[in-house]
Amino acid sequence: MMVAPLDGIRVVDWTHVLAGPACSYYLGLLGAEVIKVERPGRGDAMRHRGGTDKERAANGMSTAYLTQSAGKQSLALDLESEAGRAVFERLLKTSDVLVENHRPGTLARLDLDEDTTRAINPRLIHCAMTGYGRGNSLADTPAYDVNIQAISGLMALTGTEETGPLRTGAPIVDYASGMASAMAILAALMQRERTGTGTFVDVSMLETAFTLMSSTITDFRLTGRAPKPQGNAANSRSPSSGIFTCAEGHISLGVNEEAQFRALARALDREDWLSDPRFADPSGRNRNGADLGQAICDALQSRTADDWERTLMAAGVPCARLRTLPEALKLAPSRERAFTSRGPVGFCGLPFAMQGITHQRVAEPPQTLGSGTRDVLIALGYTPDEIQTLADRGAVSTDW
């Protein structure tokens, strides 16, 4: 059997909310051992909020928390106590990666900044995830996904001038930041193979949001033209691309190339467009974009979006019917590639398939707060009497 890519790598997950836990979850899906450090009593605040299941949230296992917690051992540890700090240092000495998303001021107060952690273990890769990264006036400013969407300009690109700015329906900056951090950690692990020493990785959620807007930023920097809300228009700005209403439902068209437009015209039984001076060539279509958009809408009114999707796909036209999430999860690519079962049953996996990823470790369901404490401490060499002493002092949780 092939060995998972990160088999033998130990990751300390000292994070909260979504982006940080997602990063360590991705590493776990690649085979790493992940130990989640939480404060005793309440643990990660995300245990108690997020999702629509209030009962799960009340029990400290919200669906938002569960999403990126499978396969991790929960170590409930009081880092502000001397005994708890000693446990954490021993853990760091045996680990390859520390992922955390605390403000620099918090790290300084706890004397756990990147210089300190890497002095404890020179081979450690310390990945810090913050809203705005180090070395700037906002470095110590707290931030959530919704704040970054607003401040980055991403939110101003959504909606229309009539609706005003809209947040994306999902916390995309959080999850993109988690992927960016995982990619950076993988690069750092490769670098360590060559140098023998660890490094510090500084991940900015703001820069992640900028990355999601790369082509828009390039266009602004090179032309000086500030972007405007595009609504449902395609990023290509092609008048034959975007979201269109059908007799029932909506369909997205990605008709950007000449061959694609010709295929669209034939599939819609509007070959007359190919000789119409307004639409016969790209420049004409761009000059008469409003007319073309209306003509496409009129043609689509004769059938449902479901019917048109089958017809247009068969004709080679890039298109997709607008679907709800439950509908999307029933699609053949979702079912046949088993995306939702690449992680434990019921939880999302990685957005790619790769030989050698076995998911044996992540098959373990998310743990209740502190339920992995004893196992982690035993693995670190603590005796049963020492573990009981730590519990008596309140340095670790007794919830095992």
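**A walk through the predicted model: strands, helices and open spaces**

Glycine 242 has leucine 253 of strand β8 as its bridge partner. The model in which this pair is found is a predicted one, and the pair is a convenient place to begin.

The strands concerned are β7, residues 241-245, and β8, which pair in the antiparallel sense through five bridges. Four residues lie between them in the hairpin, where glycine 249 takes a positive phi near 85°. Strand β8 spans residues 250-254, and its two faces contrast: Ile251 and Leu253 form the covered face, whereas His250, Ser252 and Gly254 form the uncovered one. Leucine 253 thus belongs to the covered face, and this residue also stands opposite cysteine 319 of strand β9. Strand β9 covers residues 319-321 and runs antiparallel to β8, to which three bridges join it.

From β8 the account passes to helix α11, residues 258-267. Within this helix Phe261, Ala263, Leu264, Ala265 and Ala267 are buried. Strand β8 is among the elements that cover these buried residues, as are α12 (282-287), α13 (289-300) and α14 (305-314). Just after α11, aspartate 269 takes a positive phi of about 60°.

A single buried side chain can be followed in another helix. Threonine 117 is located in helix α6, which comprises residues 114-120. Threonine 117 counts as buried because its relative accessible area is 0%, and the limit for that class is under 20%. A polar atom of the threonine 117 side chain lies 3.2 Å from the backbone oxygen of glutamate 114. Leaving aside residues up to four places away in sequence, threonine 117 touches Leu92, Leu98, Leu112, Leu124 and His126.

The open spaces of the model come next. The largest pocket has a volume of about 1100 Å³. Its lining consists of 34 residues, and those closest to the centre are Thr67, Ala170, Pro171, Tyr175 and Cys348. Two or more lining residues come from each of α1 (19-29), α3 (63-66), α7 (145-151), α8 (172-195) and α15 (325-328). Helix α8 gives the most to this lining, namely four residues. By class, the lining of the largest pocket contains 21 nonpolar, 10 polar and three charged residues.

The second largest pocket has a volume of about 860 Å³. Of the 36 residues that line this pocket, Thr15, His16, Asn101, His102 and Thr106 lie nearest its centre. At least two lining residues are supplied by each of α1, β2 (33-38), α5 (104-110) and β5 (125-130). Helix α1 therefore appears in the linings of both pockets, as a contributor of two or more residues to the largest and of at least two to the second largest. The lining of the second largest pocket divides into 15 nonpolar, 10 polar and 11 charged residues.

Enclosed space is the last topic. The structure holds one cavity of 30 Å³ or more, and the largest cavity has a volume of about 30 Å³. Its lining is made up of Lys36, Arg47, Tyr65, Ser69, Lys72, Gln73, Ser74 and Gln367. Strand β3, residues 72-76, gives the most to this lining, with three residues. By class, the residues around the largest cavity are one nonpolar, four polar and three charged.

How values were computed:
Residues are numbered from 1 along each chain as its sequence is written. This is a predicted model: local features need pLDDT of at least 70, side-chain atom pairs count only at pLDDT 80 or more; totals for chains, interfaces and linings use all residues. Side-chain values use heavy atoms; hydrogens and water are left out. Buried means under 20% relative accessible area, exposed over 50%, partly exposed in between (1.4 Å probe, protein chains only). A polar contact is a pair of N or O atoms within 3.5 Å; within protein, one must be able to donate a hydrogen and the other to accept it, and residues adjacent in sequence count only if both atoms are side-chain atoms. Contact means heavy atoms within 4.5 Å. Two strands pair if DSSP finds at least two bridges between them. On a 1 Å grid over the protein atoms alone, a cavity is a set of points where a 1.4 Å probe fits but cannot get out, and a pocket is an open set with protein on both sides within 12 Å along at least five of seven lines; lining residues have an atom within 4 Å of a point. Grid points are joined across faces, edges and corners, and a volume is the space filled by probe spheres set on the points. Ala, Val, Leu, Ile, Met, Phe, Trp, Tyr, Cys and Pro count as nonpolar, Asp, Glu, Lys and Arg as charged, and the others, Gly among them, as polar.
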